[in-house]
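Let's take a walk through this model together, starting with a pair of helices and moving outward to domains and chains.

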Amino acid sequence: MKNRVQIENLERKRKYKYDVSVMLLILAVLIIINMTLGSKNFSPTEVISVLFGKDVPGGTYIIGKLRFPRTIAAIICGYAFGIAGNTFQKLLGNPLASPDIIGVSTGSAAAAVFGILVLHANRGVVSIMAIVAGLVTVLVIYLIAYKDGYSTVRVILTGIGVQAFLSACISWMLLRAAEYDVPAAMRWMAGNLNEVTMDYLWLVGLVIGVVSCVIAVLSEVQKILELGEQHALILGVKVGTARVLLLACSVVMLAVATAVSGPISSIAFLSGPIAGGICGKNRSNTLASGIVGAILVIGADFIGQNLLPTRYPVGVVSGVLGAPYLLYLLIRLNKGDHV
Amino acid sequence: MTTNRDKRYKRSVHNRVLLLMLLAGVLLLLVSIVLSITYGAKQVELTDVISALFGKKQTTYNVNVVRARIPRTVFGILAGAALSMSGVLMQSITRNPIADPSILGVNTGASLFVVIGISLFHIQSKPVYMLLAFAGALVTAFFVYRIASFGYGGVTPIKLALAGAAVSTALSSMVSALVMPDTSVMTTFRFWQVGSIGGADFEDIRLLLSPMLLGFVLCFFLATKLNTLALGDETACALGLNVNRIRGIAALIGVLLCACTTALAGPIGFIGLMIPHLIRSFIGDNHEVLLPMSALYGSGVLILSDLIGRILGSPGELESGVMTALIGVPCFVFIIRKAEVQSIG
Amino acid sequence: MNNKVLKAEKVVAGYRDKEILHGVNVTVPRGKISVILGSNGSGKSTLLKTFCRLLQPSSGSIKLGEQSLSHIPTRQIAQNIGLLPQSTTVPEGIKVSELVSRGRFPYRKLMAPLNAKDYEVVEEVMKFMGILELSDARINQLSGGQRQRVFIALALAQQTDILFLDEPTTYLDISYQVEILELLKKLNEERGTTIVMVLHDINLSSRYADHIFAMKNGNLMYQGAPEKIITQEVIREIYGLESFIIEDPVSHSPFVIPKAAAV
């Protein structure tokens, strides 16, 4: 005997699974496009034979060393940005409160720019600095905002203030740096997938996979937290612990992904709302936002590499494409009685 | 009888505080002007300063150094006053303790317009940059304000802050899109992106003087009306104030003042945020005193931070935009922690 | 776990450095409807919040049976004490049945989907609150009264013996106020749920309450049946209000007619 509520619920789940499958399909198509087309085109069979270790003239290097790591990195980073952004937005109860807007990524950027311009560090060191700085920035924002308890509004406002400060520091470092170093720093800040190699991507993928599982496990708790602090307490959630855990997981994903690609703008901001628009806003959408993020990054990177007169870093493309949507969302959000 | 005497007593205390603040402010301004002209990366003798100021036809190296410092000091006075008055206006029309012209995305808007000018139209002349920055600042500020005012509850602090941040994010990716492919654009642009009052010369100041003075004058006419507005929209309306018009005019003047500064100096943040707060905590919310007092202290603090930047950064300089951020962020944090969450939410 | 008595022992609580409750002793009468009355700032909401552990007492303790609340696992408390908070947050786009289902959280294991029992309870409480027909509607499409019923259903899905409500009728039209209070009365009569609420309306309190707590300045002044508490003297002391007391023609409970504020 199934009752009404149960039938409705199963119906919703079925729809969610269908939506997610369609998204996965789109992702798969994009992966194939990204692997086969480009400065030189290959057939899917050639691509597959390269991936299985066979030697294809001209293809082994381009596919094996360039396109494959690039595609994997795009998927991993997009997935991480998408999930982290979505979790931030849901936890802070405000679709505008994504990590790139409230200044979490700026911490990583400031450290990376410092590493590139002042220390002339190599990419590995810069990445580690970015991870550490990202984590520290969030901690600082949280500590500043924490006074007689936690307040979402204070977290958001503090984030914006910290961001303003770090941006001033970045501009200053750029101004002081030698002219030939500046482009590297600017490229890093825009977010790009050049020079990624498989050496460390496995590790990055593993970390992000594990952390995203933790977030997924906590998705029920996350849904309860959306009811507000009081309700969550009444329903038996340890609010402080749960919130810190979820935020920490998102920040780790964010920092690690940023270390690989730099802050790819708009992805964290857009994935959650897009996933919500497709699957309905009434669920946690963790997986869906991850997939949307991956789709966006792969798509933007393909456009930036192949479809524009100059090669643009993926972050510039995603930022420019995302801008109108961001503004649209902003207007719509404020028009509804939300925020 | 007693209540009357109490009142009188309180008023006299208040007046004394005002007088003290005024004296201290004037002193601060004078001292910082003198210091700003005398000190810097290069030390000069007092006699050189005097001969530079009083126009003896000497043209030693030191005299020229001093002469070069004069326009930046003059501009510092104007810019500091403009920024902090603009901050007062923004804060009072939005009833928002963290409103600051730079939070409205004014700077990014100005940047975008300047970059468009550099990269698409290959503009090289400074007055045109200034015009572009001015237009960009104006357009963006209104856009952000408009977005934030949609919907429930009007312009709430959090809506405004987020709208500003989001618009900034959007615009800055457009800026990078334009800057990225061309190194020469990047080189030109990065000098503009850090706010500094160092680049001012009398030519530029003359250009901006009239809109700024206009802004200052209009501000004082608005003061009483802003006091009424502070009672809340409904009460103000009941008292016969055209709330929307006053708010619109105040916003226009606020952005005008800020845009003038940004056009010449680039983004200088936080002055507009912290000065009004500081002053308000001493003398209260009366705009008739708050506005001039903020202007006075704004000038002093900006010149002083410029000076500190010059000394700390010597042989070069630490741009004033960076200095004000360094000083301003702790203030910002303090304000956020002090303000009741309800009042900012 | 059933049938444990909830009581506050010498509870001192407040916000930051402002103490609001100054050592309150309250035993919640089991199986009854209790109403906490008092003027603004008398500490009635604070008392409610302390009972629901939204606020930690700075001294004294809240006990469920013999155990202090701070020693009971939070999920277990959630199976015993429910609350309808004064203000509620509605997640965007959520449907009625989904919101009510969230009340099952204290009974669920991590990762496990809703089980048959959960569905049964959710459907049953929605039927009880008369919102089963709305099950697929979005919360923001509902009227104020319907919305309040949804949130009460959420609290009911929690299946607690004790239910607290913080001003459940505020902002509702008079007809909805009565409707909500009638539903709560039915809940109390049919299931024996202990109900404790803060109400502003003395006359509705007098009509629906079995027991009244009268508070002033963070202390419990009087408690007992409405007939004993709603008197000229108590009203004057608690609210500073001169009044006539007449009999409510419907429920025969005391009915307050205000005269003028006492000077």
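In this predicted model, a good place to begin is chain A, where the axes of helix H5 (residues 123–145) and helix H11 (residues 239–261) come within 8 Å and cross at roughly 150°. Because angles over 145 degrees count as roughly antiparallel, H5(A) is roughly antiparallel to H11(A). The crossing of H5(A) and H11(A) is right-handed.

Which residues meet here? On the H5(A) side you will find A:Ser127, A:Ile128, A:Ala130, A:Ile131, A:Gly134, A:Leu135 and A:Val138. Facing them from H11(A) are A:Val251, A:Leu254, A:Ala255, A:Val256, A:Thr258, A:Ala259 and A:Val260.

Now for the domains. Chain A is assigned domain 1 (15–64) and domain 2 (77–335), and the C-alpha centres of these two domains lie 27 Å apart. Between them, 13 residues of domain 1 of chain A are in contact with 14 residues of domain 2 of chain A.

Chain A also touches chain C, in a contact that takes 35 residues from chain C and 26 residues from chain A. On the chain C side, the elements giving two or more residues are helix H2 (74–78), strand E6 (81–84), helix H3 (96–101) and helix H4 (116–128) of chain C.

Here is how the residues of these contacts divide:

| Residues | Nonpolar | Polar | Charged |
|---|---|---|---|
| Contact of H5(A) with H11(A) | 11 residues | 3 residues | no residues |
| Side of domain 1 of chain A that touches domain 2 of chain A | 10 residues | 2 residues | 1 residue |
| Side of chain C that touches chain A | 16 residues | 8 residues | 11 residues |

Technical notes. Residues numbered from 1 in each chain as written. Chains lettered and ligands numbered in written order. Predicted model: local features only at pLDDT ≥ 70, side-chain atom pairs only at ≥ 80, totals over all residues. Domains from an automatic or database assignment. Contact = placed C-beta atoms within 7 Å. Nonpolar A, V, L, I, M, F, W, Y, C, P; charged D, E, K, R; others polar. Helix = DSSP H or I, 4+ residues; strand = E, 2+ residues; numbered from the N terminus. Axes fitted to C-alpha atoms, helices over the stretch in contact; angles between N-to-C directions. Parallel < 35°, antiparallel > 145°, perpendicular 65-115°, else oblique. Left-handed = near helix turned anticlockwise from the far one by under 90°.
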